[in-house]
Each structure stands twice: as C-alpha cells, then as structure tokens.
Amino acid sequence: MAKGFVPNIKQLPKFMKEDPGILQGHRACAGCGCAIILRQIMMARRKPIVIANATGCMEVVTTIFPYTAWRTPWIHVAFENAAAVAAGIDAGRNKLQRAGRFSGDKDISVDYDVVALAGDGGTYDIGLQALSGALERWHNFMYVLYDNEAYMNTGIQRSGGTPFGAWTTTTPVGKKIKGKPLTKKPIVDIVVAHRIPYAATVSPAYWVDALKKFRKGFETEGPAFIHAYGVCPRGWRTDTKDTIKLSKLAVETCFFPLYEVINSEWYLTGPSLTIAKNPDRKKPVEEYLKLQGRFRHMMLPENKWMVEKFQELVDENWEIILKRAKNV
Amino acid sequence: MQKVVKQRMMALNGDEAVAWAVKQSDVDVVSAYPITPQTIIVERISDFVHEGEVDLEFIKVESEHSALSACVGAAAAGARAFTATAANGLQLMFEILYITASLRMPVVMAVVNRAPSGPINIHCDHNDSMGARDAGWIQIYCEDAQEAYDSTIQAFKISEDPEVLLPTMVTLDGFLISHTLQNVSLLPEEVVHEFLGTRKVQRIKVPEIFGDKEVPLMLNPKYPLTFGPLDLFDYYFEHKRQQIEAMERAYKVIERVHKEYAEISGRSYGNGFIEPYKTDDADVVVVGLGSTMGTAKAVVDELRGEGKKVGSIRIRVFRPFPRELLRKVLSEFDAVGVLDRGISFGHFGQVYSDLCAALYGAKDAPMMIDFVYGLGGRDMPQKLLKKIFEEVLEAKVKGPEPVFRIRGVR
C-alpha cells in the first residue's frame, strides 16, 4: 500500500554519491544484512536525518574513535535508550524550530527527520520500555529495528528476537535442550498495540518495497516503526553470498512476511501479497532453515520434529497476519 | 559593578524555588519522572507549561533512565535541558550520569536528596548524590530554598561555559528544603535571561573532515558530527584526561559565575565553594553539607554565648572538591568535626574521607572526627548538634579517638 514516493533507480546512485549519509569502509562483517539496511534508510531520505543509535553491531562497526563512517549527525548514548535519546532530539528540535533559535546562523540547520536505530536486543529486550514510552508520547520519529535475531555484537547470545530452535551461545545444542526452546516475541504486534500511525516490515532483498516504507516512516506525523530483517552470516553460520538469497527466502517461506500497518489496519505488500493471493507459491520453511548453520541440528533425522514445529509456528503467524490483512 | 536589582519576594518551598529558576532560565527541554520528594518540581513546571507561562518541551518520560537519556539527546541537539530526581531515580540514571559527563553535555539536574532504598524511605540523607560523586558531574549542595533557586540559575551558566561543558547537579535536602516554605527572592525574568542568554553552542575544529572551519558542536546536518563512538584503550584515557582537566577549569568558572550572580542579586554563599561562619577566632569547627549547616549556625551562636570559640564551615561545592582551599582553611583549627549524612559502608562518611585526602600531609592539619548522622531523615536537632560540638571541643583536650562516631542512632 506504499503509494506516493517511488524510488528512482536512475537518480539514486547520483543522490547517494553526492550525499551518502554513511560511507563505505566501515567494519561490518562480509555479507552483513544490517549494513544494507543502513544504506536503504539513507536512500529513502526526504531531508537530512539525525540518528540516535543504540549500543550494538551498527554502533560498533561504524565508529571507532577517531574514525566514523557517518556523514549524517549521529549519536550513541547507551544500549536501552535509543528511543529516549531520539525523543530528546525530537523535543529539542521542536523547541529550537519554534523559537527560530539558530535561524540566523548559516552553519546550523534544525530541519531534519529523527531516526532511532537499534538491534533486536536493544528493542525486544532491554530497550522495550524506552520504546513503549516514546511511542505513547507520540514523538515524531522513525524507529528502525534491525533484527539479526541474537546479541551478535557480544558473540551470539539469544534474545527475545531469536527464533525457535536456533543455536546461540546461550541456547547451545545440548543432549537435553537443543537450541532455543521458545519462539520470537511478536514485536510488531506489541508496537502496533500502541496504535501508532505507521509500522512496517522490510527485507533488504526487496529494496523498492523497503525504500517506500522507510520514506513513509519519514513522512509519518508521529511515531513510525520499521522492523527490518538483517541476515547475520557470522551469527547464523551462513555463507556470506547467501545474504540476499536468505532475505528473499525469509519472505517466500512466510517466516518474515512483508506488510505495513497504517493506523492499525494491516496490508500485505510485495511478494507477501502475491503469496496471499497464490498460496501455492509459499515455500516450505525447511528451504530457509537448511542454509543456516544455526539450524543444522534440526536437519538430523531425530530432530525432524523441530522443523515441523518451526513450520507450525510460521503457519500460525502467517494465518494471523492473513486474517488481519485488509487487502487479501 | 552592576547594581543589585529589585526582586520579588515569594513564599516558596525548595522544590518550587527550583521550578521557578527553571521557568526563568530559558530552558528548552525538561525531561523528568516523578519521585518523592522531587515531585513538586515536576508539578510546578507542568503548571507553568500548561498555563502557557513558559515555552518549553516537557517530556514526561516513563523512567528516570529515559529522563536523563532524553536530556542528553536534547542537549546534543543544541537545546538547554533540565531534569530532576531523587534517590532511586538517580540510581536508575546511574549509567547515563557517566555518559552525560563523558559526552560533555551541559545538562542541569536538581537532586532532592533522599535516602536510597532499602529499606524504602522517602526522607533525606546524602547517600544518593554521594553515590554519584564520581560520575563526572559538578555538585552543588544547597542550604535552603533561596540557594536552590540561585544555584539552579548559576548551574546553567557554569555547565555551558566552553571551558567547562560538564553537567551540574544541584542538590537540596528532601523535605527539609524541598517541602519547607521560605521567603525566596526571585530575580525579574528578564534579568535572568540577560544573565544566562539562550543556550550557546560551542564551535570546534575537526580538520580531517571540515578543514579549518570551526563547526558547531551539536547534531547538525550542515556539519554532521558523530557523538559517542566506540573509544578503546588508544584514546579513551585521553578523553578521561580532558574530563579531569575540565573539572579543574570549573573552579574558576564557578567562582566567576557566583561573583557575577552576587553582583546582580546581592546574594552570595561564602566564596561560592565554602561558607564559613564565625571561624575567625575559632579553635574548633564543624564542617558539613546542606540544611544541617543552617542549624549549625544557631548552635555556634548558642555556644559562643557560653564563651566557647567555635565556628562552622559549610561545603557548598563538593565536585570539584575545593581541596586546596579546605586544606588551607582547616589548617587554622585544632579540631574539626565532620558531619556526614552519608556513609561508605566499610569506610567513613564521604565528606570525611575526601577531607582526609585533601588534608593529608598538611603541616598544621587538625585532628578530624567523623560524625555520621541523619540517615533516612533522622532528625538532627540543635541539642544533638550541640553535643557534637562539645565532643569536638573535648577531643581537643583528650584526643580524637575514636575518629568514627555515629550519632542520633539507637
């Protein structure tokens, strides 16, 4: 349902060359899906942006003093407070704009969009309180969750965003317990329960869909939330060349459906809408799981039940979303 | 020299006095969470905002952690930011206290001193702000509501000085100051505006990116800067050294701001760092912080009436600690009683241990005795304080042992 802004493939390279927002040469791992998300946020800008970044992978790989990959104003304060810091920036900007404080200073602009950027740990878990508060207070900002499904920066520990069965260093595959026995927290449901004007999911493989949604998030008056799917080859034990393939498979298997929620109304987008209309195009989740080392144990004959269970969880979630979607 | 301006007298408690200071100080963003005994501050500021009497953004956050985080965001965006808290709220902010100072954000915070849990208690002691003394904030301890008002205004000017750029905590004793009505003289709003101006933003050079251009130190799309990068063993220490040096430079700025403010308001608190009372010919003095030192003045008068040569010294600025000054001043006396409304479990009260460090090796260092008192809001009546003075007088003859004494406890 993303209408209005259509990314122009001819103008984007020029725009990104003139004003990249983030530079190459940062220290993200090869095949990092989250680094692609950062570029896509930049491609969707309608005006300058200011980023409040939670502690995590994207904070660490883009900055190490005296270097920075950012060519956009950027601040990192702590792990659990990206939304609160963004709230402060929003409030400061509003007051300074209203007062015309720096209007006479040609070196200063207070006209920008505010972005909070956090991983799954900083959103599902430690940052949930600050996020909920900022949504309730209706700050004018876009919160981007880059979800690589575990605490990757500290060395692959499970989070509330880690899917069922996944191996992590705190959900090891043991004789008794194999991987994470629980499933992913429905973070978008939680966010949407705040009845914010805009929420959406994006996968970097579907970049036009992603750019439209990021732009919509920027244009939203009030809080917007984007749940971005971020492949982590290091933590998922996947081949770096498979990042985009996995970003597609996650959507094609309906493990990570693409949709937007506009004023609490759900709409499927892109390939997820196609699958809703042509259910036979839905791929079995095993195709997605088998490419990842973190699910390797599930491929053993004695653990086949885990794949089945995973498929059930995916189907359950997909059915819920289908029921909600207004455009199916 | 400026003339002292005509002022309006209002009956205010300490919390209200702080709220008035915030109202008059061109604050852009307030971000705070209610906690007894700080609540009146956020209530009054809310009144001012909702009545349209002040134009500021009040973020009514969901926790103290977010309260200070939002202040950091606002200050980085170029706004003047204020928050207020107490005890457990301050402890929830603990992580962000260090980051605020490290990012050199000139945030001002009122801390209404309250005993930290547990057991849960809402009354005054200093263990909350004492726990934060190493966080890199300037700390000013007030004696009454008037001083809380004056110090809050001064705090913005101190924090935002380009030589300093550090956050400031203004503390006032819970209930004893926060909820106690007093005649408070308020400066005309335009005088405060003129004294402070709106928040200025310092300019810095970043030659690698912007060459010789001096760029505003804020989140600004015209000259994008990175705040809060990862900073490891190769640079972190240099940045800490800069914080250490900024604290050292703060002495001069605190003194200057206190003097400038005295010129327009007619009010001063000693030299801004310490406030001695009848110490000129005193043999023994009692040193402490906060509202108890008001009581101490009455006790000094009483003992002077009995012919005893006693005095008192109130420490107003605890960070940066006026160590050179105290080393010099306290060396004049034979015995010093130190009043600590806090305790470092397993050691002494915080004021005592800091004073011992400051006086170590001084040629004429006095004997010093630590009196821990008033935890959880336990009263310090004149009678008890008089007894403490008498103990110090006695120590002059009999010696200081034991140097650690707990008073007013069962």
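This section describes the nonpolar cores, two buried residues and a surface patch in a predicted model.

The largest nonpolar core of the model comprises 144 residues. Within this core, the residues with the most contacts are Ile75(A), Ile89(A), Phe214(A), Phe225(A), Tyr288(A) and Leu97(B). Helix α3 of chain B, spanning residues 64-76, supplies the largest share of the core, namely eight residues. Apart from this core lies another one, of 78 residues, which includes Phe156(B), Phe195(B), Ile315(B) and Ala358(B).

The surroundings of Ile75(A) were examined with residues up to four places away in sequence left out of account. On this basis, Ile75(A) touches Ile51(A), Ala52(A), Asn53(A), Val85(A) and Ile89(A), together with Val72(B), Ala76(B), Leu103(B), Leu219(B) and Phe227(B). The contacts of Ile75(A) thus involve residues of chain A and of chain B.

Tyr146(A) is located in strand β6 of chain A, which covers residues 142-147. This tyrosine is classed as buried because its relative accessibility is 2%, and buried residues are those under 20%. Polar atoms of the Tyr146(A) side chain approach two backbone nitrogens: that of Met58(A) at 3.1 Å and that of Cys57(A) at 3.5 Å. Both Cys57(A) and Met58(A) also appear among the contacts of Tyr146(A) beyond four places in sequence. Other residues in that set are Cys34(A), Ile37(A), Gly56(A), Leu117(A), Ala118(A), Gly119(A), Asp120(A) and Ala228(A). Tyr146(A) and Tyr229(A) are 83 residues apart along the chain, yet their C-alpha atoms are separated by 6.1 Å.

Arg101(A) occupies the loop between α4 (82-99) and β5 (113-119) of chain A. With a relative accessibility of 17%, Arg101(A) also counts as buried, since the limit for this class is 20%. The side chain of Arg101(A) forms a polar contact of 2.7 Å with the side chain of Asp28(B). Once neighbours within four places in sequence are set aside, the contacts of Arg101(A) consist of Lys95(A) and Leu96(A) in chain A, and of Asp28(B), Thr198(B) and Arg199(B) in chain B.

On the surface, a nonpolar patch is formed by Phe404(B), Ile406(B) and Val409(B). Together these residues present about 260 Å² of accessible area. Ile406(B) belongs to strand β18 of chain B, which runs over residues 404-406. The relative accessible area of Ile406(B) is 45%, so this residue is partly exposed.

Notes: Residues numbered from 1 in each chain as written. Chains lettered and ligands numbered in written order. Predicted model: local features only at pLDDT ≥ 70, side-chain atom pairs only at ≥ 80, totals over all residues. Heavy atoms only, no water. Patch = residues over 30% accessible without salt bridge, like charges linked within 9 Å, V, L, I, M, F, W, Y side chains within 5 Å. Areas by Shrake-Rupley, 256 points an atom, 1.4 Å probe, with all protein chains shown as cover. Salt bridge = Lys/Arg side-chain N within 4 Å of Asp/Glu carboxyl O. Helix = DSSP H or I, 4+ residues; strand = E, 2+ residues; numbered from the N terminus. Buried < 20%, exposed > 50% of the residue type's maximum accessible area, 1.4 Å probe, protein only. Polar contact = N/O pair within 3.5 Å; in protein donor to acceptor, adjacent residues only side chain to side chain. Contact = heavy atoms within 4.5 Å. Core = buried A, V, L, I, M, F, W, Y, C linked by side-chain atoms within 4.5 Å.
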